[in-house]
Amino acid sequence: MDNKIILRDGHIHSPYCPHGTKDSFEFYVQKAIELGLEEITFTEHMPLPGNFMDPEFLKHCSPTLDVIEKYIRELDYIKEKFKSVIKINTGLEVDYVEGYEEKIKELLNIYGNKIEDSILSVHFIKVGDEYYCVDASPEEFGKLAQKLGSVEKVYDRYYETLLKSVKADLGIFKPKRIGHPTLVRIFNTEYPLEYTNVELLEEIIKEIKIRNYEVDFNTAGIRKPYCKETYPSGVFAELVEHYAVKVVYGSDAHTALDVGRDFVFKY
Ligand SMILES: [Zn+2]
Ligand SMILES: [Zn+2]
């Protein structure tokens with residue numbers, strides 16, 4: 001694919017994100033306008049479907065139900081305010097948590113009518129009866145690899161979960177875009193691995209393709225100190241291109257300065 005100018009950022013967080021900055025919506029939008037973007041989607045984390053891990057930790061992952069309602073209301077105002085300059089979509093980043101499909105569906109059914117664009121992401125994997133967050137910290141990732149026996153096994157579990165997320169029945173408001181599909185590589189400079197189970201990756205891509213889903217081409221990994229690459233990258237990115245799966249660039253900005261970041265390069 002040739003160099004092209006990307007005019008849309010499909011993955012942006014908001015002042016309501018508990019682990020993000022308090023930058024205002026206006027600040028994010030101004031940055032997008034400065035860059036000449038024509039369309040953006042705010043994809044705040046949807047509330048999680050249950051307390052499957054330490055509630056203190058989970059509190060930092062997503063806003064609560066009442067906060068998300070405020071988020072949606074404020075976006076209605078912001079969209080109106082800037083409508084002659086830039087198209088702004090109201091969106092959510094929805095966590096796929098294995099075993100919580102029904103609860104996720106319920107949540108999606110609450111917000112579905114208000115949501116114009118959304119992303120389905122895997123941050124948590126289930127190991128036995130326990131859940132682990134893959135992008136919490138290098139230390140936690142190390143513990144997970146130890147628990148499973150190897151880094152490769154963490155990748156296996158991650159991609160198996162990703163496959164389940166693509167196939168899951170989450171109702172009529174299920175997101176059509178798969179978030180940062182190689183997030184498991186977030187600490188790859190600390191835990192290097194050239195993943196060789198290409199068959200599994202290919203199966204994921206095929207399942208994405210037959211559903212006409214999209215992939216979030218996420219540049220946040222470039223800014224992560226132990227990652228330095230986009231999600232997807234490597235073989236996964238090659239498969240996306242090979243199967244001509246539609247990609248939507250996403251900065252995954254949690255600060256206004258990161259909107260549209262690293263969008264101009266060859267993919
Ligand atoms: Zn976030
Ligand atoms: Zn995410």
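**Cysteines, zinc sites and aromatic packing**

C133 counts as buried, because its relative accessibility is 9%. This value, like the others reported here, was computed from a predicted model. The sulfur closest to that of C133 among the cysteines belongs to C61 and lies 5.6 Å away, which is too far for a bond. A disulfide would require two cysteine sulfur atoms within 2.5 Å. C227 takes part in no disulfide either, since the nearest cysteine sulfur, that of C133, is 14 Å away. With a relative accessibility of 2%, C227 also counts as buried. By the distance rule, the number of disulfides comes to zero.

An unreviewed UniProt entry carries the annotation "domain: PHP" for residues 9–220. Over this stretch the chain is 40% helix and 19% strand. The C-alpha atoms at the two ends of the stretch are 12 Å apart.

The model contains a zinc ion (ligand 1) with three protein donors, namely H19, H45 and H254. Each of these histidines contributes its NE2 atom, and the donors lie 2.0 Å from the ion. Along the sequence, the donor residues follow the spacing H-x25-H-x208-H. H45 is found in strand β2 (residues 39–45), whereas H254 is in the segment after β9 (246–250), so this pair ties together parts of the chain that are 209 residues apart in sequence. H45 has a relative accessibility of 5% and therefore counts as buried.

For the zinc ion (ligand 2), the protein donors are E93 through OE, and H123 and H180 through NE2. These donors lie 2.1 to 2.2 Å from the ion. Their spacing along the chain is E-x29-H-x56-H. E93 belongs to strand β3 and H123 to the loop between β4 (117–121) and β5 (124–127), so the two residues join parts that are 30 residues apart in sequence. Both E93 and H123 are buried. The distance between the zinc ion (ligand 1) and the zinc ion (ligand 2) is 5.6 Å.

Strand β2, which holds the donor H45, also contains T43. At 0% relative accessibility, T43 counts as buried. Leaving aside residues up to four places away in sequence, T43 touches G10, H11, I12, H13, Y71, G91, L92, E93 and I119. This list includes E93, a donor of the zinc ion (ligand 2). It also includes Y71, a member of an aromatic cluster formed by Y16, F25, Y28, F42 and Y71.

Aromatic contacts were searched for in the whole structure, and 19 aromatic pairs were found. One of them joins Y16 and Y71, whose ring centres are 6.3 Å apart and whose planes meet at 80°, so the pair is edge-to-face. Y16 lies in the loop between β1 (8–12) and α1 (25–35), while Y71 lies in helix α3, so the pair ties together parts that are 55 residues apart in sequence. Y16 counts as buried at 19% relative accessibility, just as Y71 is buried with a relative accessible area of 0%. For Y16, the classification rests on the cut-off, because buried means under 20% relative accessible area. Another edge-to-face pair is formed by Y158 and Y159, with 5.7 Å from centre to centre and 80° between the planes. Y158 and Y159 are both buried.

Helix α4 (residues 101–111) has the buried residues I104, K105, L107, L108 and Y111. Viewed down the axis of α4, these buried residues fall within an arc of 165°, so they line one face of the helix. The face of α4 turned away from the buried side carries the exposed residues E102 and I110. The buried residues of α4 pack against α3 (65–81) and β3 (87–95). These two elements also appear in the sites described above: helix α3 holds Y71 of the pair with Y16, and strand β3 holds the zinc donor E93.

Key:
Residues are numbered from 1 along each chain as its sequence is written. Chains are lettered from A and ligands numbered from 1 in the order in which they are written. This is a predicted model: local features need pLDDT of at least 70, side-chain atom pairs count only at pLDDT 80 or more; totals for chains, interfaces and linings use all residues. Side-chain values use heavy atoms; hydrogens and water are left out. UniProt positions are given in the numbering used here, feature names are shortened, and annotations may be inferred rather than shown by experiment. Helices (H or I, at least four residues) and strands (E, at least two) are DSSP runs, numbered from the N terminus. Donors are N, O and S atoms within 2.8 Å of the metal (3.2 Å for Na, K and Ca); water is not among the atoms, so sites may look incomplete. Buried means under 20% relative accessible area, exposed over 50%, partly exposed in between (1.4 Å probe, protein chains only). The arc is that of the directions from the helix axis to the C-beta atoms. Contact means heavy atoms within 4.5 Å. Rings of Phe, Tyr and Trp (its six-membered ring) pair if their centres lie within 6.5 Å; planes under 30 degrees apart count as stacked, over 60 as edge-to-face and the rest as tilted.
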